[in-house]
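Please find below my notes on the model, set out as numbered points. They move from residue packing to strand pairing, and then to cysteines and charged pairs.

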Amino acid sequence: MIKDDQFENYILTNLYNSFKYINNNNDNNINNNTNIYGCRNCKTHLSTTYNIISKDYRGVTGNAYLMSSVTNVQEGDYELRTMITGDYLVCDIFCQMCKNIVGWKYINAERSDQRYKEGKFILELKTITVVE
């Protein structure tokens, strides 16, 4: 049986290797595969492909991306949400310009193996678009 600290080390090692891979490949593809993601409603810039940690997330509206950072958003009130992987303290994030909800921010994770999400953002694909 894997202990919590072993699992956490496994997750952190995989995250580190993912970031290392992304950083090494970003230098070579600086102009080729960069997308800017914006609010689907008003096209305000929110983030880029460089900030994607994972594309394997589900939000309220369907598929979502876990992002390391976003910009031009306002945070809503904190609330406790129960999700498939545990309980989290989160806040919805809203487009700074049009105030549409675009996802949420993880504030705190109850489970230690999920704490890597703290301070990260979910952008729901149905609320964003690629901006030229």
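**Notes on packing, pairing and charged contacts**

1. Leaving aside neighbours within four places in sequence, Val102 is in contact with Leu46, Val73, Ile93, Phe94, Cys95, Ile122, Leu123, Glu124 and Thr127, where contact means heavy atoms within 4.5 Å. This is a predicted model, in which local features need pLDDT of at least 70 and side-chain atom pairs count only at pLDDT 80 or more, while totals for chains, interfaces and linings use all residues. Residues are numbered from 1 along each chain as its sequence is written, and side-chain values use heavy atoms, with hydrogens and water left out.

2. Val102 also belongs to the largest nonpolar core, which has 14 residues and in which Leu46, Met67, Val70, Val73, Ile93, Val102 and Leu123 touch the most other members. A nonpolar core is here a set of buried Ala, Val, Leu, Ile, Met, Phe, Trp, Tyr and Cys residues joined through side-chain atoms within 4.5 Å; buried means under 20% relative accessible area, exposed means over 50%, and partly exposed lies in between (1.4 Å probe, protein chains only). The elements that give two or more residues to this core are β1, β4, β6 (86-95) and β8 (121-124), the strands being DSSP runs of E with at least two residues, numbered from the N terminus. A second, separate core has ten residues, among them Leu66, Val90, Ala109 and Ile122.

3. Which strands form the open sheet, and in what order? Six strands take part, in the order β3-β4-β8-β7-β6-β5, and the pairing is antiparallel, with two strands counted as paired if DSSP finds at least two bridges between them. The edge strands, each of which pairs on one side only, are β3 (52-58) and β5 (73-83). From one strand to the next the twist averages 30 degrees, with axes taken as lines fitted to C-alpha atoms and angles running from 0 to 180 degrees between N-to-C directions. At the β3 edge, four bridges join β3 to the antiparallel strand β4 (residues 63-67), and Tyr57 stands opposite Ala64 in β4.

4. Strand β1 (residues 36-39) runs antiparallel to strand β2 (residues 45-48), to which three bridges join it; Tyr37 has Ser47 as its bridge partner in β2. The hairpin of β1 and β2 has five residues between the strands, and Lys43 takes a positive phi near 70 degrees there. Strand β1 is also joined by four bridges to strand β9 (residues 128-131), again in an antiparallel arrangement, and Ile36 stands opposite Val131 in β9.

5. How many disulfides does a search of the whole structure find? The search finds zero disulfides, a disulfide being a pair of cysteine sulfur atoms within 2.5 Å. The pair to check is Cys42 and Cys95: the sulfur of Cys95 is 3.4 Å from the closest cysteine sulfur, in Cys42, which is too far for a bond. Cys42 counts as partly exposed because its relative accessibility is 30%, whereas Cys95, at 0% relative accessibility, counts as buried.

6. Five salt bridges are found in a search of the whole structure, where a salt bridge is a side-chain nitrogen of Lys or Arg within 4 Å of a carboxyl oxygen of Asp or Glu. One of them joins the side chains of Glu75 and Lys105 (3.1 Å, N to O). Glu75 lies in strand β5 and Lys105 in strand β7 (residues 101-109), so this pair ties together parts that are 30 residues apart in sequence. Glu75 is partly exposed, with a relative accessible area of 42%, whereas Lys105 is buried at 18%.

7. Asp92 forms a salt bridge with Arg81, in which the closest N and O atoms are 2.4 Å apart. Because Asp92 lies in strand β6 and Arg81 in strand β5, the pair ties together parts that are eleven residues apart in sequence. Both side chains belong to buried residues, Asp92 having a relative accessible area of 18% and Arg81 one of 17%.

8. The side chains of Arg111 and Asp113 also meet in a salt bridge (2.6 Å, N to O). Arg111 is partly exposed, with a relative accessible area of 38%, while Asp113 is buried, with 9%. Finally, Glu79, Arg81 and Asp92 are joined into one network by salt bridges that share partners.
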